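Got the viewer open? Load the model, find your selection tool, and follow along one stop at a time.

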Amino acid sequence: MAPTKAPGLDGLPAVFFQKFLDTVGRSITEASLKCLNEGKSIASINNILICVIPKVKSVKKIYGFHPICLCNVTYKTVANALANRLRTILDDVIIGFKSLHTLRTRKQKRGSMEFKLDMSKAYNRVEWGFLAKAKS
(Lines give C-alpha, C1' and ligand atoms only; values in the text may rest on other atoms or scores of the structure.)
Protein backbone atom coordinates (compact mmCIF):
# COMPACT_ATOMS: atom_id res chain seq x y z
CA MET A 1 0.00 0.00 0.00
CA ALA A 2 1.32 3.40 -0.87
CA PRO A 3 1.59 5.16 2.50
CA THR A 4 0.32 8.61 1.50
CA LYS A 5 -1.96 7.93 -1.45
CA ALA A 6 -5.77 7.76 -1.51
CA PRO A 7 -6.97 7.88 2.10
CA GLY A 8 -10.27 6.19 2.90
CA LEU A 9 -13.54 7.85 3.84
CA ASP A 10 -12.16 8.26 7.34
CA GLY A 11 -9.43 10.49 5.86
CA LEU A 12 -6.64 8.29 7.21
CA PRO A 13 -3.93 7.20 4.79
CA ALA A 14 -1.95 3.98 5.23
CA VAL A 15 0.94 5.88 6.83
CA PHE A 16 -1.27 6.61 9.86
CA PHE A 17 -1.82 2.89 10.44
CA GLN A 18 1.86 2.17 9.84
CA LYS A 19 2.95 4.81 12.32
CA PHE A 20 0.43 3.83 15.01
CA LEU A 21 0.54 0.08 14.38
CA ASP A 22 0.98 -0.64 18.10
CA THR A 23 -2.33 1.09 18.81
CA VAL A 24 -4.54 0.08 15.84
CA GLY A 25 -2.77 -3.01 14.49
CA ARG A 26 -4.60 -5.57 16.62
CA SER A 27 -8.08 -4.27 15.72
CA ILE A 28 -7.25 -4.10 11.99
CA THR A 29 -5.87 -7.64 12.11
CA GLU A 30 -8.89 -8.99 14.01
CA ALA A 31 -11.37 -7.32 11.64
CA SER A 32 -9.49 -8.58 8.58
CA LEU A 33 -9.25 -12.16 9.88
CA LYS A 34 -12.94 -12.23 10.79
CA CYS A 35 -13.79 -11.30 7.20
CA LEU A 36 -11.32 -13.75 5.69
CA ASN A 37 -11.65 -16.78 7.96
CA GLU A 38 -15.10 -16.52 9.50
CA GLY A 39 -17.00 -14.98 6.59
CA LYS A 40 -18.05 -11.91 8.59
CA SER A 41 -19.79 -9.31 6.47
CA ILE A 42 -17.57 -6.55 5.17
CA ALA A 43 -20.48 -4.12 4.83
CA SER A 44 -19.04 -1.86 7.51
CA ILE A 45 -15.70 -1.51 5.68
CA ASN A 46 -17.06 -1.72 2.13
CA ASN A 47 -17.80 1.99 1.77
CA ILE A 48 -15.70 3.67 -0.88
CA LEU A 49 -15.64 7.09 -2.44
CA ILE A 50 -14.98 7.41 -6.15
CA CYS A 51 -13.18 10.64 -7.02
CA VAL A 52 -11.87 11.98 -10.28
CA ILE A 53 -8.48 13.58 -10.64
CA PRO A 54 -7.28 15.46 -13.70
CA LYS A 55 -4.79 13.76 -16.03
CA VAL A 56 -3.56 17.06 -17.45
CA LYS A 57 -3.33 20.63 -16.13
CA SER A 58 -6.32 22.14 -17.94
CA VAL A 59 -9.07 19.59 -18.51
CA LYS A 60 -11.58 20.41 -21.23
CA LYS A 61 -13.24 17.00 -21.76
CA ILE A 62 -14.49 14.32 -19.39
CA TYR A 63 -11.85 11.84 -20.57
CA GLY A 64 -9.25 14.22 -19.16
CA PHE A 65 -10.08 12.87 -15.69
CA HIS A 66 -8.93 9.65 -14.10
CA PRO A 67 -11.24 7.98 -11.52
CA ILE A 68 -9.79 6.66 -8.27
CA CYS A 69 -11.43 4.76 -5.41
CA LEU A 70 -10.80 5.85 -1.85
CA CYS A 71 -11.04 2.71 0.27
CA ASN A 72 -10.20 2.39 3.93
CA VAL A 73 -7.12 0.46 5.04
CA THR A 74 -9.03 -2.52 6.46
CA TYR A 75 -10.80 -3.03 3.13
CA LYS A 76 -7.47 -2.81 1.28
CA THR A 77 -5.95 -5.36 3.67
CA VAL A 78 -8.79 -7.84 3.13
CA ALA A 79 -8.75 -7.32 -0.65
CA ASN A 80 -4.99 -7.83 -0.79
CA ALA A 81 -5.18 -11.03 1.28
CA LEU A 82 -7.94 -12.41 -0.97
CA ALA A 83 -5.90 -11.59 -4.06
CA ASN A 84 -2.90 -13.42 -2.61
CA ARG A 85 -5.04 -16.47 -1.77
CA LEU A 86 -6.50 -16.58 -5.27
CA ARG A 87 -3.16 -16.01 -6.99
CA THR A 88 -2.07 -19.64 -6.62
CA ILE A 89 -5.34 -20.89 -8.11
CA LEU A 90 -5.16 -18.43 -10.96
CA ASP A 91 -1.55 -19.35 -11.67
CA ASP A 92 -2.61 -22.97 -12.18
CA VAL A 93 -5.48 -21.91 -14.43
CA ILE A 94 -3.20 -19.72 -16.56
CA ILE A 95 -0.60 -22.50 -16.91
CA GLY A 96 -3.31 -24.96 -17.93
CA PHE A 97 -4.80 -22.54 -20.43
CA LYS A 98 -1.42 -21.79 -21.99
CA SER A 99 -0.60 -25.50 -22.23
CA LEU A 100 -3.88 -26.34 -23.93
CA HIS A 101 -3.52 -23.36 -26.25
CA THR A 102 -0.04 -24.55 -27.25
CA LEU A 103 -1.32 -28.07 -27.92
CA ARG A 104 -4.20 -26.77 -30.02
CA THR A 105 -2.11 -24.40 -32.10
CA ARG A 106 0.84 -26.69 -32.81
CA LYS A 107 1.17 -27.60 -36.45
CA GLN A 108 1.97 -31.21 -35.69
CA LYS A 109 -0.83 -32.44 -33.43
CA ARG A 110 -0.06 -36.09 -33.82
CA GLY A 111 1.78 -37.57 -30.87
CA SER A 112 1.12 -34.64 -28.51
CA MET A 113 0.15 -35.30 -24.93
CA GLU A 114 -0.17 -33.24 -21.78
CA PHE A 115 0.21 -34.24 -18.15
CA LYS A 116 -0.66 -32.25 -15.06
CA LEU A 117 1.15 -33.39 -11.97
CA ASP A 118 0.31 -32.03 -8.54
CA MET A 119 3.64 -32.57 -6.82
CA SER A 120 2.52 -30.77 -3.66
CA LYS A 121 0.28 -33.74 -2.79
CA ALA A 122 2.54 -36.50 -4.11
CA TYR A 123 3.82 -37.52 -0.67
CA ASN A 124 0.29 -37.67 0.76
CA ARG A 125 -0.39 -40.68 -1.47
CA VAL A 126 2.74 -42.65 -0.59
CA GLU A 127 2.29 -45.70 1.60
CA TRP A 128 4.70 -44.85 4.37
CA GLY A 129 4.69 -48.39 5.77
CA PHE A 130 5.97 -49.70 2.46
CA LEU A 131 8.76 -47.14 2.44
CA ALA A 132 9.75 -48.00 6.01
CA LYS A 133 10.02 -51.71 5.08
CA ALA A 134 11.99 -50.97 1.92
CA LYS A 135 14.40 -48.80 3.88
CA SER A 136 15.35 -51.51 6.40
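Here is a short tour with three stops.

Before you click, note that this is a predicted model, where local features need pLDDT of at least 70, side-chain atom pairs count only at pLDDT 80 or more, and totals for chains, interfaces and linings use all residues. Numbering starts from 1 along each chain as its sequence is written, and side-chain values use heavy atoms, with hydrogens and water left out.

**Stop one: helix H2.** Select residues 21-37, then pick out Arg 26 and Glu 30, which sit four residues apart in this helix, about one turn. (Helices are DSSP runs of H or I, at least four residues, numbered from the N terminus.) Glu 30 and Arg 26 form a salt bridge, their closest N and O atoms 3.7 Å apart. The structure holds just one salt bridge, meaning a side-chain nitrogen of Lys or Arg within 4 Å of a carboxyl oxygen of Asp or Glu. Arg 26 is exposed at 65% relative accessible area, while Glu 30 is partly exposed at 43%. (Buried is under 20%, exposed over 50%, partly exposed in between, with a 1.4 Å probe and protein chains only.)

**Stop two: Thr 74.** Now jump to helix H3 and select Thr 74. Is Thr 74 buried or exposed? Thr 74 counts as buried, at 10% relative accessibility. Leaving aside residues up to four places away in sequence, Thr 74 touches Ile 28, Ala 31, Ser 32 and Ile 45; contact means heavy atoms within 4.5 Å.

**Stop three: Val 93.** Stay in helix H3, residues 73-105, and select Val 93. Add Leu 86, Ile 89, Leu 90 and Ile 94: with Val 93 they form a nonpolar surface patch, together about 460 Å² of accessible area. Such patches take residues with over 30% relative accessible area and no salt bridge, joining nonpolar side chains (Val, Leu, Ile, Met, Phe, Trp, Tyr) within 5 Å and like charges within 9 Å. Accessible areas come from the Shrake-Rupley method with a 1.4 Å probe; for residues, only the protein chains shown count as cover.

How values were computed. Helices (H or I, at least four residues) and strands (E, at least two) are DSSP runs, numbered from the N terminus.
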